[in-house]
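The exercises below are intended to be worked with the sequence and the coordinates at hand. Each task is followed by a solution that proceeds step by step.

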Amino acid sequence: MSALLPNAPMTSSGATSQNTHEAILDTETLLNVAGSLIVVFDRQGKIKRFNRTCETVTGYTELAVQGHCVWDFLLIPEERTAMKGIFHQLTHGQTNTYYESTWVGKAGETHVIAWSNTVLANPLGRVDFIISSGIEVTEQRRSRRQLEGQYRQSHLLVEITQKVRESLELKEILQTTVSEVQALLGCDHVFILQAPPNSLVHLAAEAITDFAQGPAQSLLSRPWPANPLLQPSYVDHYRRQSISVIDAMDGSGVAPEIVAILKQLAVKSELAVPILAHAHPDEGAENGHKDNFWGLLIAHHCTQSRRWSPLEIDLMQQLANQIGVAINHAQLLEHLEDIVIERTAKLTKTNQQLRREMDERLRTESALRRSEKQLRLITNALPALVAYIDIHHRYRFNNYAYETWYDIPYQKIKGRQVSDIVSLEVYQQMLPYLEEALTGEKVTFELEMIQSSGERLWASISYIPDIQEGRVKGIFSLVSDISDRKAAEHMKDEFVSVVSHELRTTITSVQGSLTHLATGRLGDLNPQGQELVDIALKNTERLTRLINDVLDLERMSSGKVRLTPVVCPVPDLLHSAAEAMGAMANEYNIKLAIKPADALQVYAEPDQLMQALTNLLSNAIKFSPKGATVWMQARPVDSGGEPADKRVEFSVKDVGRGIPSDKLETIFERFQQVDTSDARERGGTGLGLAICREIIQQHQGRIWVKSIHGKGSTFYFTLPQPASL
Amino acid sequence: MSKQILMIDDESDIQTVACMGLTMMGGWQVLTASSGKEGIAQAKAHALDAILLDVMMPDMDGVATLKALKADASTQAIPIIFLTAKSRAINRKELYALGAQGVIHKPFDPTTLASQISGFLGWKD
C-alpha cells in the first residue's frame with residue numbers, strides 16, 4: 001500500500017477491507033510490470049500512484065505528480081471540465097465509465113489515452129480510491145483521423161468532381177470547393193483568385209472562419225489595390241510555379257515579397273495551387289487547347305503554423321485540376337452559348353432577310369402584274385399592232401389591234417406562227433426583214449398589206465431585237481397603218497408636180513417672149529428698153545434656177561430619189577464638169593485647172609455627181625476675182641486601212657473672198673449664203689450647197705469646207721470607190 | 001430644104017413663142033395643135049418632119065399621144081421630141097424608152113430651139 005499509495009492517509013473505519021486492498025495495492029510488481037498506464041486517484045481526484053509507464057509517456061515522475069489533480073496540468077484544457085464530470089460519476093457509483101482523454105506531456109506533446117476504471121469502495125459503499133488503467137491510443141486515433149480525413153477528402157473530391165460533371169454553374173462549383181476545403185482542412189481562409197489576361201486579379205470565391213476575421217483579415221474584404229492578395233506581384237509569383245507550400249513564416253525559402261504580403265494578413269501557413277484551364281476560345285485560337293494559367297486555389301492558416309500533409313497537398317492539387325475542368329466546361333458552355341446566340345442571331349437575320357426578299361418578290365410580282373396589266377391596257381388602246389415574236393416566228397404577245405386587223409380574237413393569236421396570221425404574200429415579204437431582225441439588227445420597212453376586210457393599206461413595220469446576254473431572244477414588232485401618210489405624200493407629190501409644171505409653163509412663155517425681144521429681130525429697142533428686157537430675162541433665168549433647185553432639193557430630201565449608181569471614171573467626171581462650166585468660166589474670165597486623177601473610179605450616179613461638181617464650180621467661178629484660176633482635184637484617201645474605207649476625195653479650190661469662220665458651220669444649210677445679197681448680185685439661189693450635201697450624203701459620202709476669210713475656200717467631198725461597195 | 005414641124009401643146013402662149021423661134025431662126029413651117037387628139041389628126045393629114053410634143057396635157061397627155069402615133073402606121077415613123085415642164089432628169093429616161101428622139105425641158109430658149117431639134121435628129125443646117 002505504501003508503495004502504491006505512499007503517504008496515503010489511513011481511514012479509521014472499515015479497517016479489514018482497507019487492509020485487504022492495501023495488500024493488493026502493495027504489489028509494486030503489479031503496477032510496474034503492466035504495459036498499461038495505471039493511475040490511482042483518491043476520491044478528490046488527486047493522484048496517489050503514477051506508474052512507470054505513465055512516467056515514460058508523460059515525462060513526469062510519480063513524485064512530481066502525487067497530490068495533483070489531472071485536470072490541473074495533464075489534461076488539455078478543453079477536456080478538463082468533462083474530466084471533472086467523469087470523476088464525479090465515478091465517485092458516485094457509475095463504475096463502468098470508459099473514456100478517452102488527452103494528456104499533455106512535459107515536453108508539450110499530446111497523448112490520447114483510453115481509460116477503464118475500477119473503484120475501490122468501503123463496506124458502506126463510499127468510494128475511497130479509483131484505479132484507472134489506460135492504453136495510449138494516440139497513434140490509433142491519429143491513423144483513424146487520417147483515414148477519416150482521407151475518406152472525407154476522397155468523398156469531397158468525388159463530390160466536387162460530380163458537381164463539376166453535373167453543374168455548369170462555375171460560381172457554385174468554386175464556392176462549394178472553397179467551403180468544403182475550408183471545413184475539411186480546418187483552414188482559416190480558403191479562396192480562389194482569378195487572374196484573367198490583360199485584366200485585374202479578382203476574388204472568385206472564398207470561405208473564411210470567424211476566427212480568421214481579425215484586423216489583418218479585414219484587408220481581405222477590400223477591393224484592389226488595398227487588398228494585398230489582389231496585387232499582381234502576389235499572383236505573378238505563383239504563376240510560374242506548380243505548387244507552393246509554406247508551412248511556417250520562418251523565412252526559409254519564401255520569397256520576401258510573399259512574406260511581406262502574408263505578414264500583412266497575419267498568415268502563418270499557406271498552400272497555393274495554380275489552376276490551369278484552356279485558353280478561352282475568344283482569346284485567340286493560336287493557343288489552341290494548351291493549358292494556361294487561370295488563377296490560384298489558396299489555403300491560409302492564421303491561428304498557428306501548420307505542416308501541410310502530402311495528402312492535403314494532393315487534395316488541393318486534384319481540386320485545382322477539377323476546377324480547371326469545370327472552367328473549361330464553363331468556358332466551352334459560354335462559347336457554345338455565344339455560338340448559339342450568334343447562330344440564332346444569324347438565323348434570325350437570315351429569316352428576316354428571306355422574309356424581306358419574299359415580301360420584295362411579292363411586291364415585285366404584284367408590281368409586275370400591275371405593270372403588265374397597264375402595258376396590256378396601253379397596248380390594247382393603241383391602233384398599231386404591238387407584238388413580241390420569238391425566234392421560231394411565233395407570237396408570244398400581241399395587243400387588241402390584231403383582232404381588228406385580222407378578225408381573230410386577239411387572245412387566240414399568242415402561240416401561233418406569223419405565217420398563220422398574215423397572208424402568205426405578206427409573210428414572204430416580211431420574212432427577210434424578220435430574219436434580219438433576229439440576227440440582232442433593228443429593221444424598219446414599209447409594206448402594203450391586206451386586212452381581213454380585204455382593204456389594202458400601207459403599214460410601217462419596225463422589228464426591234466430583244467437581246468439578252470448577247471443573244472437575240474425574240475423581237476418586238478410594231479406595225480402602224482401609214483395609209484394616211486402615204487395618201488398625203490401622194491397628194492404632195494401631185495401638188496409639187498402640178499406646181500412645177502405650171503410655173504415652168506408660165507416661165508417658158510415669159511422667158512421665150514423676152515428672148516425674142518432681146519434678139520432684136522422683132523425691131524430695135526432703144527437702149528433703156530434693151531436694158532429692161534435684159535434685166536427681165538436675167539431674172540426669169542434666175543427664177544427658173546430657183547424653181548429647179550427647190551424641186552430638186554424637195555425630191556432628194558424626201559428620199560424619193562432612188563440612186564442607180566454605176567462605176568464612173570473620175571477623170572471623165574472632172575472633164576465633163578469643166579466642159580459644162582467652160583462657158584461660165586469664160587464669161588467670168590476664170591481659168592479652170594484640173595489636176596490629173598489617174599485611173600480612179602467612183603461608184604456614183606453620174607448626173608447627180610455632175611450636179612454636185614458643177615454647183616461647186618459655179619460657186620468657185622462666181623466668187624473668184626477675174627483672171628484667177630479654179631482648181632479641181634481628185635485623189636484616193638484611205639481613212640481606215642480596211643478595203644471598205646477606200647474612198648476618193650474631190651476638191652474644188654478657189655482664191656476668192658473665202659468664208660468667215662462663223663459661217664463655216666451653216667454654209668451647207670438652205671439659203672445660208674455668206675452675204676444675203678449674194679443671191680441677187682451673183683444670181684445664186686442659196687440652195688446649191690444644200691443640194692450638194694444631199695447628193696453626197698445619198699452616196700454615203702461626206703462634204704466639208706476649209707476656208708480662210710479673204711484668201712479663198714476649198715470644198716471637199718468623198719465618195720466610195722467601187723471595191724468598197 | 002424647109003422642114004415641116006407639128007407642135008402639140010395646150011398652151012397657146014408657148015406655141016406662139018416656140019413657133020416664132022422655129023420660123024424665124026430655123027425657117028421652118030410650123031403647124032400647131034392644142035391637144036393630143038388634134039395633133040394626131042394633123043399628123044395623119046400632113047407630111048411631117050418631126051413632132052414637138054408636150055408631155056402634160058389635159059385629156060390625152062403626151063405619152064398617150066406618142067403611143068397612139070407610134071401605133072399608127074401612117075405616123076409611126078415621124079420623129080417625136082418631147083417638151084416637158086417636169087423636173088430635170090427624172091423621167092428623161094422613161095421618155096426616151098417610149099421611143100422619143102429627144103427631150104427638151106421647159107423653159108427653153110426659143111432662139112436655139114430649132115438648132116436643138118436639128119441636133120437631136122441629126123439634121124444639118
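The following exercises concern a predicted model and treat its two chains, then the contact between them.

**Exercise 1. Composition of chain B**

Task: Determine how many helices and strands chain B has and in which order the elements run.

Solution.
Step 1. Count the elements: chain B has five helices and five strands.
Step 2. Read them from the N terminus; the order is β-α-β-α-β-α-β-α-β-α.
Step 3. Consider burial: 41% of the 125 residues in chain B are buried.
Step 4. Consider the range of the contacts. Among those in chain B between residues at least 6 apart in sequence, 60% join residues at least 24 apart.

**Exercise 2. Strand β3 of chain B and its partners**

Task: Establish whether strand β3 of chain B is mostly covered or uncovered, and which way its residues point.

Solution.
Step 1. Apply the burial criterion, namely 20 or more other C-beta atoms within 10 Å of the residue's own. Strand β3(B) spans residues 50-54, and five of its five residues are buried, which leaves the strand mostly covered.
Step 2. Recall the general rule: in a regular strand, side chains alternate between the two faces of the sheet.
Step 3. Assign the directions. B:A50, B:L52 and B:D54 point one way, while B:I51 and B:L53 point the other way. The buried set thus named includes the charged residue B:D54.

Task: Identify the strands that pair with β3(B) and the sense of each pairing.

Solution.
Step 1. Strand β1 of chain B (residues 4-8) is joined to β3(B) by four bridges, and the two run parallel. Within this pair, B:L6 is opposite B:I51.
Step 2. Strand β4 of chain B (residues 80-84) also pairs with β3(B) in the parallel sense, over four bridges. Here B:L53 is opposite B:F82.
Step 3. Trace the connection from β3(B) to β4(B). The chain passes through helix α3 of chain B (residues 62-71), and this β-α-β crossover is right-handed.

**Exercise 3. The open sheet of chain A**

Task: Give the strand order of the five-stranded open sheet in chain A and name its edge strands.

Solution.
Step 1. Place the sheet in its chain: chain A has 21 helices and 22 strands, and 28% of its 725 residues count as buried.
Step 2. Write the order, which is β2-β1-β5-β4-β3 with antiparallel pairing.
Step 3. Find the strands that pair on one side only; these edge strands are β2 (47-50) and β3 (98-104) of chain A.
Step 4. Describe the twist: neighbouring strands of the sheet are turned against each other by 30 degrees on average, direction ignored.
Step 5. Examine one pairing in detail. β3(A) and strand β4 of chain A (residues 110-121) are antiparallel over seven bridges, with A:T102 opposite A:V112.
Step 6. Add the helix on the sheet. Helix α6 of chain A (residues 77-91) touches β3, β4 and β5 (127-136) of chain A, and its direction makes about 140 degrees with that of β3(A).

**Exercise 4. Strand β11 of chain A**

Task: Describe the pairings of strand β11 of chain A with β15(A) and with β12(A).

Solution.
Step 1. Strand β11(A), residues 385-390, runs antiparallel to strand β15(A), residues 471-481, and six bridges join them. A:L385 is opposite A:V479 in this pair.
Step 2. Three bridges join β11(A) to strand β12(A), residues 395-398, again antiparallel. A:A387 is opposite A:N398.
Step 3. Inspect the turn: β11(A) and β12(A) form a hairpin with four residues between them, and A:H393 in the turn has a positive phi of about 65 degrees.

**Exercise 5. The contact between the chains**

Task: Determine which element gives the most residues to the side of chain A that touches chain B.

Solution.
Step 1. Size the contact: it takes 21 residues from chain A and 20 residues from chain B.
Step 2. List the elements of chain A that give two or more residues: α15 (483-519) and α16 (527-557).
Step 3. Select the main contributor, α15(A), with 14 residues.
Step 4. Classify the side of chain A that touches chain B: two nonpolar, 14 polar and five charged residues.

Task: Characterise the packing of α15(A) against helix α1 of chain B.

Solution.
Step 1. Two packed helices are described by the angle and the distance between their axes.
Step 2. The axes of α15(A) and α1(B), residues 12-26, come within 9 Å and cross at roughly 35 degrees. The crossing is left-handed.
Step 3. The residues in contact include A:T505, A:S509 and A:H516 of α15(A) and B:I14, B:V17 and B:G21 of α1(B).
Step 4. By class, the residues of this contact divide into four nonpolar, seven polar and one charged.

Technical notes
Residues are numbered from 1 along each chain as its sequence is written. Chains are lettered from A and ligands numbered from 1 in the order in which they are written. This is a predicted model: local features need pLDDT of at least 70, side-chain atom pairs count only at pLDDT 80 or more; totals for chains, interfaces and linings use all residues. A residue is buried if 20 or more other C-beta atoms lie within 10 Å of its own, exposed if 12 or fewer, and partly exposed in between; C-beta atoms are placed from the backbone. Two strands pair if DSSP finds at least two bridges between them. A crossover is right-handed if, with the strands pointing away from the viewer, the path from the first strand over the helix to the second runs clockwise. Two residues are in contact if their C-beta atoms, placed from the backbone, lie within 7 Å. Axes are lines fitted to C-alpha atoms, for helices over the stretch in contact, and angles run from 0 to 180 degrees between N-to-C directions. A crossing is left-handed if the near helix is turned anticlockwise from the far one by less than a right angle, and right-handed if clockwise.
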